[in-house]
Amino acid sequence: MEMPTSDFDLALTLDSGQTFQWTSLGKGFLGAIGARAVYVEQIRDILKFRGAPAKSIASYFALDHPLSEICASFPNDAAMQTACKFCRGLRIMRQPRWECLATFITSSMKQVAHIRQISLSMRERFGLRRSLGNLHVYSYPTADVIADLEEEDLRNCALGYRAKNLLATARLITSGEFNLDELALLRDDDLRAALCALPGVGAKVANCVMLFAYERLRAFPIDVWVERVLREKYFPRRRKLRRGELEKFSAQHFGAHGGYAQQYLFHHARKTTARRLSAPGS
DNA sequence: CTCCAGGGATGAT
DNA sequence: ATCATCCATGGA
């Protein structure tokens, strides 16, 4: 099957650090949407896909987001405009709630490559094997499945100290004490506070989950990369600057689609900041 | 080898 | 409220 798209860059979107499961295969990507194995491939403005209905694909990749309007709402400063140009076609996807929450609990103090490794390891060990022809992927393990594991099972997936938090959160959800779907009714501040009550969830992870799984496009996660960008580009000569000031500034400066702005700043910084190379001539 | 990563919880100012 | 420290792991 195939469908037309506009203002969409599949490879860019999948490489922007919001999801950690898709693997490059041939000209496209293989992954899972919920519990379905899916293959997607983009040729110019045509999106070819197998494994899920068009409606599901379009929703997952948020092809309905008015990207040109969103970009037009960004502040007209140099850093933002540079990032915006660099990220043309990058969309904030609609991810399943538990999958997104759990993945970002495991993301603490981990590089994107590590999060990906943890995520894939958990899928292979505890997820459901799903096939698409002769291709195979694994769904993300449900909260119920994880709740029945031991901490060591998760540590074997390289979660380290994060294992305890993920296990505790899974058990809160499985017990019915905490319902991720009911939270969708809450306004942003209440949703954030509710998520922060979960073990292993602080402001940053809560904002990621709000942005990537609750479609709260104003949520502005501040990780080490985004904090660097804010300090260097928006507050150059201010050595002492409180964290709270950065949060206040970003909430008012980037506006109703601050989450998109944040994602563009994040991805641009991560892809253009040269890693320190070892001493030349060695 | 060293450095650092899409941080959070805890306890001390 | 803000800061210091600890927590595990492995790619670069």
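Helices here are DSSP runs of H or I with at least four residues, numbered from the N terminus. With that in hand, let's work through some exercises on this predicted model.

**Exercise 1. Find which helices line the second largest pocket, and which of them gives the most.**

Step 1. Start with the space itself: the second largest pocket has a volume of about 360 Å³.

Step 2. Look around its centre. The lining has 15 residues, and the closest to the centre are Arg192, Asn207, Phe220, Glu247 and Ala251.

Step 3. Assign the lining to helices. At least two residues come from each of α10 (188-196), α11 and α13 (243-253).

Step 4. Pick the main contributor: α13 gives the most, with four residues.

Step 5. Finish with the chemistry. The lining of this pocket divides into five nonpolar, two polar and eight charged residues.

**Exercise 2. Describe the largest pocket by its volume, its lining and its helices.**

Step 1. The volume of the largest pocket is about 740 Å³.

Step 2. Its lining is made of 31 residues, with Ser107, Lys110, Lys204, Asp223 and Val224 nearest the centre.

Step 3. Two or more lining residues come from each of α6, α11 (203-213), α12 and α14. The largest share, five residues, belongs to α12.

Step 4. Sorted by class, the lining holds 15 nonpolar, eight polar and eight charged residues.

**Exercise 3. Work out which residues of α4 are buried, and on which side of the helix they sit.**

Step 1. Apply the cut-off for burial, under 20% relative accessible area. In α4 (residues 78-86), the buried residues are Ala79, Met80, Ala83 and Cys84.

Step 2. Place them around the axis. These residues cover an arc of only 130°, so they lie on the same side of α4.

Step 3. Turn to the other side of α4, where Ala78 and Lys85 are exposed.

Step 4. Find the packing partners. The buried residues of α4 pack against α3 (67-72), α12 (224-234) and α14 (258-272).

Step 5. Check the N-terminal end, which Asp77 caps: one of its side-chain oxygens is 3.3 Å from the backbone nitrogen of Ala79.

**Exercise 4. Locate the enclosed space in the model and describe its lining.**

Step 1. Count: the structure has one cavity of 30 Å³ or more. The largest cavity contains about 50 Å³ of space.

Step 2. Name the lining residues, among them Gln18, Phe20, Glu99, Phe104 and Arg123.

Step 3. Assign them to helices: α5 (97-105) and α6 (112-126) give two or more residues to this lining. The most come from α5, with three residues.

Step 4. Classify the lining: two nonpolar, six polar and two charged residues.

Terms used:
Residues numbered from 1 in each chain as written. Chains lettered and ligands numbered in written order. Predicted model: local features only at pLDDT ≥ 70, side-chain atom pairs only at ≥ 80, totals over all residues. Heavy atoms only, no water. Buried < 20%, exposed > 50% of the residue type's maximum accessible area, 1.4 Å probe, protein only. Arc of directions from axis to C-beta. Contact = heavy atoms within 4.5 Å. Polar contact = N/O pair within 3.5 Å; in protein donor to acceptor, adjacent residues only side chain to side chain. 1 Å grid on protein atoms, 1.4 Å probe; cavity = no way out; pocket = protein on both sides within 12 Å on 5 of 7 lines; lining within 4 Å. Points joined across faces, edges and corners; volume = space filled by probe spheres on them. Nonpolar A, V, L, I, M, F, W, Y, C, P; charged D, E, K, R; others polar.
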